[in-house]
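Good morning, everyone, and thank you for making time for this short talk. I would like to walk you through one structure, beginning with its enclosed spaces and then turning to a set of annotated residues.

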Amino acid sequence: MNELILGIETSCDETGVALVRDGELLADVTATSMEEYARYGGIIPEIASRAHLESFVPTLDAALEQAGVALSDVAAVAATAGPGLVGPLIVGVSAAKALALALGKPFYGVNHIVGHIAVDQLVHGDFPEKFIGLAVSGGHSHLMLIRNIATDIEELGGTLDDAAGEAFDKVGRLLDLPYPGGPHLDRLAREGDAQAIRFPRALRSGKNKAEHKYDYSFSGLKTAVARHIEGLQARGEEIPRADIAAGFQEAVVGALMEKAIMACHENDCDTLVIGGGFSANSRLRALAEAEAARSGLKVRIPPIRYCTDNGAMIAALGWEMVRNGVAPSPFDISVNTALPREITIVR
């Protein structure tokens, strides 16, 4: 197999275009509109959609030039069909369908979350026969049992409310940090004592633990941070921002890794693959490395450049579709803003 796969990612604010041939990444170009949202404290879908429209053709041209190939060389086109923001998704899927139709090539509408795991294969080689995938980003925190990244994924658990990255952004606002709060809170936490303030972790005991064995919940944790800050303010006490950041981060990262490691042991998997924007968090990476050494598991996390949304993750998943002989998506599919994790391709 030597097919050239074009991957298109437009689920949120990054316009990503990449080209993969036989498991090798030839080009990966990303345009972002993130700086436009700092004053709003969050993504504005209409602005993001317009930015994708403006950025797509230049980003595609740059990727083709970087790879040294022509558009006519492409054997299949893959694009994020969900989950994500409806406007941005429509831009990317419409562009992918148009290209596939014009080229007379198959189109694959694929799952953004699964793409965050698939991209690791471009860096660390083929996946084992069975492994646990932990996808953590601004809007998603999910555990998956993966037997085949293209055809056999079982969702074990997911976020019940705020995802890890979303909780970081909200607590970042409580601590007066710039948007997006995740990277700033990560840096602030390095200056604090993670044991100075012990924030609660949800779904760890009793009925909740039994019913939500592999699920995550960070909304209560965010509220606990808010109440702690309000209490300090009411008493006129100084707010130890670094200690709060460190304690909050430890609670989030600890919860993520605790259930991920448990999922590996209980499903007889010796490999954990972590992907998504939040996998860039320094404490998550350090704890994952420590847990791997302690438990004997192999933990794979792609380099930071592949953690945030990018075309490489979609091209990687598209390549898996092709090499596994998966039938392409029909051209009349719609985007799905809440695509279930166990669905890899939209039909």
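**Cavities and an annotated site**

The largest cavity, in what I should say at once is a predicted model, is lined by Pro200, Arg201, Ala202, Leu203, Asp215, Tyr216, Ser217, Phe218, Leu221, Ala251, Ala255 and Lys259. This cavity holds about 70 Å³ of space, and its lining divides into 8 nonpolar residues, 1 polar and 3 charged. Helix H9, which runs over residues 241-266, gives the largest share of that lining, with 3 residues.

The second largest cavity has a volume of about 40 Å³, and around it we find Arg201, Ala202, Arg204, Ala255, Glu258 and Lys259. Here the lining has 2 nonpolar residues and 4 charged ones, with no polar residue.

Let me now move to the annotation. In an unreviewed UniProt entry, His112, His116 and Asp309 carry the label "binding site". Although these residues are spread over 198 residues of sequence, they cluster in space, with a largest C-alpha distance of 8.6 Å, and the lining of the largest pocket takes in His112, His116 and Asp309.

Is His112 buried or exposed? Its relative accessibility is 5%, and because buried means under 20%, His112 counts as buried. Asp309, which lies in the loop between strand E10 and helix H11, is also counted as buried, at 14% relative accessibility.

Finally, the side chain of His112 makes a polar contact of 3.1 Å with that of Glu9, while a polar contact of 3.3 Å joins the side chains of Asp309 and His112.

Terms used:
Residues are numbered from 1 along each chain as its sequence is written. This is a predicted model: local features need pLDDT of at least 70, side-chain atom pairs count only at pLDDT 80 or more; totals for chains, interfaces and linings use all residues. Side-chain values use heavy atoms; hydrogens and water are left out. On a 1 Å grid over the protein atoms alone, a cavity is a set of points where a 1.4 Å probe fits but cannot get out, and a pocket is an open set with protein on both sides within 12 Å along at least five of seven lines; lining residues have an atom within 4 Å of a point. Grid points are joined across faces, edges and corners, and a volume is the space filled by probe spheres set on the points. Helices (H or I, at least four residues) and strands (E, at least two) are DSSP runs, numbered from the N terminus. Ala, Val, Leu, Ile, Met, Phe, Trp, Tyr, Cys and Pro count as nonpolar, Asp, Glu, Lys and Arg as charged, and the others, Gly among them, as polar. UniProt positions are given in the numbering used here, feature names are shortened, and annotations may be inferred rather than shown by experiment. Buried means under 20% relative accessible area, exposed over 50%, partly exposed in between (1.4 Å probe, protein chains only). A polar contact is a pair of N or O atoms within 3.5 Å; within protein, one must be able to donate a hydrogen and the other to accept it, and residues adjacent in sequence count only if both atoms are side-chain atoms.
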